[in-house]
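Work through the exercises below with the model open. Each task is followed by a solution in steps.

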Amino acid sequence: MPQHLQNGQIFPHLEIPAVGGGVLNLPRDLAGSFGVITIYRGHWCPFCNEQMAAFTSASEALAKEGIKVVAFSVDDEATTREFIAKQNIPFKMGHSANLETIVDATGAYDTEFPTRGHFLETTGFVLAPDGTIVNATYSSRAVGRLVPGDVIRLVAFMKSQAK
């Protein structure tokens with residue numbers, strides 16, 4: 001059984017196809033900044049829609065704190081493109097994540113429903129500028145996820161402790 005990642009570990013190397021071409025190269029794409037990696041269930045999930053809307057609304061405050069955000073799911077590129085347009089998402093998004101690879105690398109939960117197929121449950125990570133995990137949030141269903149206000153407060157607190 002895959003193990004959950006722990007605080008203090010370096011986030012494992014993952015390459016996820018990026019919307020528009022290329023790849024999200026994690027954690028390298030976030031290096032030098034605090035970062036948020038959000039794995040979401042899919043465009044169809046109302047809780048994921050709310051979470052992405054919240055991170056979109058907070059994008060200015062996140063940028064002010066020097067926090068980069070990326071998100072991905074198993075949704076294909078066309079579906080993810082539509083999701084980005086619907087939510088006006090300003091941060092980098094991945095698509096078509098390989099479920100088994102992500103589960104093995106991160107310990108994310110996965111679920112299979114006859115009406116939704118096989119998908120990843122919401123999982124979130126806050127990374128330090130060196131790629132070290134400072135917070136991991138695992139959900140086994142729709143609720144229990146990172147929210148931008150908590151991320152901003154956590155990063156501000158960590159920065160204040162480093163002085």
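**Exercise 1. Backbone outliers**

Task: Classify S96 as buried, partly exposed or exposed, and state the sign of its phi.

Solution. This is a predicted model. Start with accessibility: S96 has a relative accessible area of 35%. Partly exposed covers the range between the 20% and 50% cut-offs, so S96 is partly exposed. Next, locate S96: it sits in the loop between strand 5 and helix 4. Finally, read the backbone angle. Phi of S96 is positive, about 55°, although S96 is not a glycine. Most residues other than glycine have a negative phi.

Task: Find where N88 lies and give its phi.

Solution. N88 belongs to the loop between helix 3 and strand 5 (92-93). Its phi is near 55°, again a positive value in a residue other than glycine. The relative accessibility of N88 is 57%, so N88 counts as exposed.

Task: What kind of peptide bond joins L26 and P27?

Solution. Read omega: it is about 5°. The bond between L26 and P27 is therefore cis. P27 is in the loop between strand 2 (23-26) and strand 3.

**Exercise 2. Salt bridges**

Task: How many salt bridges does a search of the whole structure find?

Solution. The search returns four. Three of them are treated here, among them R41 with E121.

Task: Which parts of the chain does the R41 and E121 pair link?

Solution. First, check the contact: the closest N and O atoms of R41 and E121 are 2.8 Å apart. Second, place both partners. R41 is in the loop between strand 3 (34-39) and helix 1 (46-57). E121 is in the loop between strand 7 (117-120) and strand 8 (123-127). Third, take the separation: the two are 80 residues apart, and the pair links distant parts of the chain. Last, check burial: R41 and E121 are both buried.

Task: Where do E77 and R81 sit relative to each other in helix 3?

Solution. The salt bridge between E77 and R81 has its closest N and O atoms at 3.1 Å. The residues are four apart in helix 3 (residues 77-87), so about one helical turn separates them. E77 is partly exposed at 24% relative accessibility. R81 is partly exposed too, at 45%.

Task: Classify R153 and D150 as buried, partly exposed or exposed.

Solution. R153 has a relative accessibility of 55% and counts as exposed. D150 is at 42%, so D150 counts as partly exposed. Their salt bridge brings the closest N and O atoms to 2.4 Å. Both residues lie in helix 5 (residues 148-161), three residues apart, about one turn of the helix.

**Exercise 3. A charged patch**

Task: Which elements give two or more residues to the negative patch?

Solution. List the members: E100, D104, D110 and E112 gather on the surface. The elements are helix 4 (99-106) and strand 6 (110-113). Take E112 in strand 6. E112 has a relative accessible area of 59%, so E112 is exposed.

**Exercise 4. Buried positions**

Task: Is Q51 buried or exposed, and which backbone oxygen does its side chain reach?

Solution. Q51 lies in helix 1. Its relative accessible area is 6%, so Q51 is buried. The Q51 side chain reaches the backbone oxygen of L146 at 2.9 Å.

Task: How far apart are G35 and V134 in space?

Solution. G35 is in strand 3 and is buried at 0% relative accessibility. G35 and V134 are 99 residues apart in sequence. Their C-alpha atoms are 9.9 Å apart in space.

Note on methods:
Residues numbered from 1 in each chain as written. Predicted model: local features only at pLDDT ≥ 70, side-chain atom pairs only at ≥ 80, totals over all residues. Heavy atoms only, no water. Salt bridge = Lys/Arg side-chain N within 4 Å of Asp/Glu carboxyl O. Buried < 20%, exposed > 50% of the residue type's maximum accessible area, 1.4 Å probe, protein only. Patch = residues over 30% accessible without salt bridge, like charges linked within 9 Å, V, L, I, M, F, W, Y side chains within 5 Å. Areas by Shrake-Rupley, 256 points an atom, 1.4 Å probe, with all protein chains shown as cover. Lys, Arg positive; Asp, Glu negative; His and termini not counted. Charge placed at Lys NZ, Arg CZ, Asp CG, Glu CD. Polar contact = N/O pair within 3.5 Å; in protein donor to acceptor, adjacent residues only side chain to side chain.
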